[in-house]
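Visitor: I'm new to this one, so could you pick a single part and walk me through it slowly? I'd like to see how the pieces around it fit together.

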Amino acid sequence: MEQILDGLGRAQHFDHSRPVVVERRLARRTARVVDEFPALDLGQRRLVRHGGESHLAPKAFDTLALLVAQRPRAVSKDEILSTVWAGVFVTESTLATTIRDLRRVLDDRADEPTYIRTSFAFGYAFVAEVT
């Protein structure tokens, strides 16, 4: 189990031995189809989609893991940058590129988000159901 602090300093505990399965709402009901919806395996640091592994850059994986861990709370850009890129100077454009790459891998759209919602001028939130 790993302990991660949320934006309010509260501890969140995560069991890396179990993959996180992401579900999304379809037609007002929750559907889970193993080969369609992604599974985020934190212990193995991999994203499984469509029955195969989707490749993510290390910082993209860390960003996705942080957003999933903090769901449904919107995480500020500053918090993402200070957590994922701790001690490294990067700009918000680096984060925007990382989010764009995540959306591409997840087949998500910024204008109709299924997984990652933009909180205008603030940050991002993971909005899909997680089991």
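Guide: Happy to, and do keep in mind that this is a predicted model. Let's start at Ser76, which stands opposite Gly123 in strand 10. That pair belongs to a link between strand 8 and strand 10 (residues 123–126): 2 bridges join them, and the two strands run antiparallel. Now look at Gly123 again, because here DSSP bridges are what count as pairing: Gly123 is also the bridge partner of Ser119. Strand 9 and strand 10 run antiparallel too, joined by 4 bridges. They make a hairpin with 3 residues between them, and in its turn Ala121 has a positive phi of about 60°.

Put together, the 3 strands form an open, antiparallel sheet in the order 8-10-9. At its edges sit strand 8 (75–76) and strand 9 (116–119), each pairing on one side only.

Next, see what lies against the sheet. Helix 3 (residues 92–106) lies across strand 9 and strand 10, and runs at about 150° to strand 9.

From here you can step into the largest nonpolar core, which has 25 residues. Leu64, Leu67, Ile80, Ile116 and Phe126 have the most contacts inside it. At least two residues of this core come from each of helix 1 (58–70), helix 2 (77–84), helix 3 and strand 10. Helix 1 gives the largest share, 7 residues. Take Leu64 as a last stop: beyond its neighbours within four places in sequence, Leu64 is in contact with Leu40, Leu47, Leu56, Leu102, Leu106 and Phe126.

Note on methods:
Residues numbered from 1 in each chain as written. Predicted model: local features only at pLDDT ≥ 70, side-chain atom pairs only at ≥ 80, totals over all residues. Heavy atoms only, no water. Contact = heavy atoms within 4.5 Å. Axes fitted to C-alpha atoms, helices over the stretch in contact; angles between N-to-C directions. Core = buried A, V, L, I, M, F, W, Y, C linked by side-chain atoms within 4.5 Å. Buried < 20%, exposed > 50% of the residue type's maximum accessible area, 1.4 Å probe, protein only.
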